[in-house]
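Student: I'm new to this structure and would like a close look at just one part of it. Could you pick out the sheet and walk me through how its strands are arranged?

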Amino acid sequence: MKMNKSIPALPVLEIEKAVQFYQIKMGFSVLYKNNEFAKLFRDDVELHLWASADESWKSRDTSLPDFPISSGAESFLAGTASCRVEVQGIDELFEEYKSQGVIYSSETVVEEQPWGKREFPALDLYRNLLTFYEII
């Protein structure tokens, strides 16, 4: 038995806006897109975006304690995911993303970790966390 691949699926409020962000700011291309789902890629990395736009939870009857929030695509889920992406040339990618405004703090740097990686965090349009790392 062998596992071969993992594809992060990140919740976003609006697919179109998120796709534009990933294309313009993060250099990804679109493999597939509709109003509820998108497949993006850059080099060997594939990301999936899914619409987390159900706002029916805002108007549910809270007097019914057994009426759970249950669609699985509630809008409050957008921006709650994270993933790690292995790269080669982390310093170049950091500079690219810094110039695109994807690095969320001026204090963010490429940091060497004790577990043998150099890494930096970035946020997408809806504040999903993407940590890019390079093996030392």
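Tutor: Happy to, and keep in mind that this is a predicted model. Let's start from the outside: Leu31, Tyr32 and Phe41 make a nonpolar surface patch of about 270 Å². Phe41 sits in strand 3, which covers residues 37-42, and Phe41 is partly exposed, with a relative accessible area of 30%.

Now for the layout. The chain has two helices and eight strands, and reading from the N terminus you meet them as β-α-β-β-β-β-α-β-β-β. Of its 136 residues, 36% count as buried.

Here's the sheet you asked about. Four strands build an open sheet in the order 5-8-7-6, and the pairing is mixed. Strand 5 (82-86) and strand 6 (111-113) are at the edges; each has a single partner strand, so one side of each has no neighbour in the sheet. From one strand to the next, the twist averages 35 degrees.

Look next at strand 7 (residues 117-123) and strand 8 (residues 129-135): they pair in the antiparallel sense over seven bridges. One pair to find on your screen is Leu123 with its bridge partner Leu129, in strand 8. In general, strands of a sheet pair through backbone hydrogen bonds, either parallel or antiparallel.

Finally, add helix 2 (residues 90-99), which packs on the sheet and touches strand 7 and strand 8. The direction of helix 2 makes about 20 degrees with that of strand 7.

Methods. Residues numbered from 1 in each chain as written. Predicted model: local features only at pLDDT ≥ 70, side-chain atom pairs only at ≥ 80, totals over all residues. Heavy atoms only, no water. Patch = residues over 30% accessible without salt bridge, like charges linked within 9 Å, V, L, I, M, F, W, Y side chains within 5 Å. Areas by Shrake-Rupley, 256 points an atom, 1.4 Å probe, with all protein chains shown as cover. Salt bridge = Lys/Arg side-chain N within 4 Å of Asp/Glu carboxyl O. Buried < 20%, exposed > 50% of the residue type's maximum accessible area, 1.4 Å probe, protein only. Pairing = 2+ DSSP bridges. Axes fitted to C-alpha atoms, helices over the stretch in contact; angles between N-to-C directions. Contact = heavy atoms within 4.5 Å.
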